[in-house]
Amino acid sequence: MRLHGATALVTGANRDLGRHFAEQLLRRGAAKVYATARRPELVDLPGAEVLPLDITDPASVAAVAAVAGDVDLLVNNAGVSLGVNLVDGDLDQIRLTLDTHFYGTLAMIRAFAPILAENGGGAILNVLSVLAFQSYDGNNAYAVAKSAQWSLTNGVRLELAGQGTLVSGLVFGPTATQTMKAYAERVLGSALPDSVMNDPVGIVRTALDGVEAGKIEIIADSFGAAAKASLAGDPRAFVLETASAE
Ligand SMILES: NC(=O)c1ccc[n+]([C@@H]2O[C@H](COP(=O)([O-])OP(=O)(O)OC[C@H]3O[C@@H](n4cnc5c(N)ncnc54)[C@H](OP(=O)(O)O)[C@@H]3O)[C@@H](O)[C@H]2O)c1
């Protein structure tokens with residue numbers, strides 16, 4: 001997938017990793033970047049085409065697909081991390097977590113698969129997490145949603161192989177975004193030192209390098225590598241060993 005000259009659409013592009021995706025795609029010479037957000041007025045990125053998009057709203061997804069018919073790279077970045085457990089967590093929050101990561105990502109893929117086919121195949125990058133492979137007491141609904149999104153990634157890859165679409169998943173652990181820092185302070189009661197978190201710029205760079213290289217799974221840090229390796233072993237190891245919860 002050549003990023004120079006590509007037309008990309010990034011979900012959740014108003015801040016943090018999504019904004020970095022849109023910015024780095026422009027820097028790499030993308031011909032057009034649709035920077036989408038629930039609140040488009042918050043997107044501050046010269047050169048980007050800003051569109052309103054809530055991935056949990058079918059009408060909003062359809063409206064964006066109707067406008068962005070030239071997309072050949074879809075970056076499913078939008079997500080929520082609500083710090084909700086499964087047994088005693090609020091059921092509406094659990095549903096919102098799955099509505100966003102699983103059904104929202106699926107809605108985008110269903111809307112854009114024909115567009116990608118029309119534009120030569122292109123690529124989809126799904127932003128997953130180390131919690132696709134591991135649980136974390138305190139944020140287990142998020143882990144379920146990320147596991148579902150990982151399986152979705154693998155299934156869609158098979159279904160879109162015939163039209164030549166690269167379907168790639170990005171796996172990584174705690175990263176220094178505003179949300180992650182706020183989450184740590186709210187849930188853990190203390191700030192996480194930057195030294196235990198990834199630099200978001202580096203994660204996005206590794207992700208885009210992976211897409212350009214045609215990788216179907218991009219393990220972007222040591223958390224991701226350790227989690228993937230642990231899957232062959234004792235299920236008691238399927239737990240994120242860190243003071244964070246992404
Ligand atoms: N940061 C980490 O440590 C980490 C680690 C692994 C994976 N990830 C994953 O990386 C992605 C980005 O994470 P981040 O830390 O940059 O998160 P973030 O700062 O919370 O940003 C999430 C973005 O998603 C948007 N969003 C949420 N629900 C949406 C919806 N229904 N429709 C459209 N946009 C929606 C948010 O918009 P609003 O501003 O309107 O809320 C925001 O722009 C997520 O998928 C996350 O699960 C993050």
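**Ligand site, Gln134 and a nonpolar patch**

Modeller: This is a predicted model. Of the 30 residues around the ligand, the nearest are Asn14, Asp16, Arg38, Tyr142 and Thr179.

Biologist: What makes the pair between Thr179 and the ligand a polar contact?

Modeller: An N or O atom in the Thr179 side chain is 2.6 Å from an oxygen atom of the ligand. The cut-off is within 3.5 Å, so the pair counts as a polar contact. Arg15 places a polar side-chain atom 2.9 Å from a ligand oxygen. Gly79 uses a polar backbone atom, 3.3 Å from an oxygen atom of the ligand. On its own, the ligand has 900 Å² of accessible area, and the protein covers 96% of that.

Biologist: Why is Gln134 called buried?

Modeller: Its relative accessibility is 9%. Buried means under 20%, so Gln134 qualifies.

Biologist: Where does Gln134 lie, and which residues does Gln134 touch?

Modeller: Gln134 sits in the loop between strand 5 (123-127) and helix 4. Leaving out residues up to four places away in sequence, Gln134 touches Ala143, Ala227, Ser230, Ala237, Phe238, Val239 and Leu240.

Biologist: Helix 4 also holds Val144. Why does Val144 count as partly exposed?

Modeller: Val144 has 35% relative accessibility. Buried is under 20% and exposed is over 50%, so Val144 falls in between.

Biologist: What makes Val144 eligible for a surface patch?

Modeller: Patch residues need over 30% relative accessible area, and Val is on the nonpolar list. Val144, at 35%, therefore passes that cut-off. Val144 forms a nonpolar patch with Leu86 and Val87, with about 290 Å² of accessible area together.

Note on methods. Residues numbered from 1 in each chain as written. Predicted model: local features only at pLDDT ≥ 70, side-chain atom pairs only at ≥ 80, totals over all residues. Heavy atoms only, no water. Patch = residues over 30% accessible without salt bridge, like charges linked within 9 Å, V, L, I, M, F, W, Y side chains within 5 Å. Areas by Shrake-Rupley, 256 points an atom, 1.4 Å probe, with all protein chains shown as cover. Salt bridge = Lys/Arg side-chain N within 4 Å of Asp/Glu carboxyl O. Helix = DSSP H or I, 4+ residues; strand = E, 2+ residues; numbered from the N terminus. Buried < 20%, exposed > 50% of the residue type's maximum accessible area, 1.4 Å probe, protein only. Near = heavy atom within 4 Å. Polar contact = N/O pair within 3.5 Å; in protein donor to acceptor, adjacent residues only side chain to side chain. Contact = heavy atoms within 4.5 Å.
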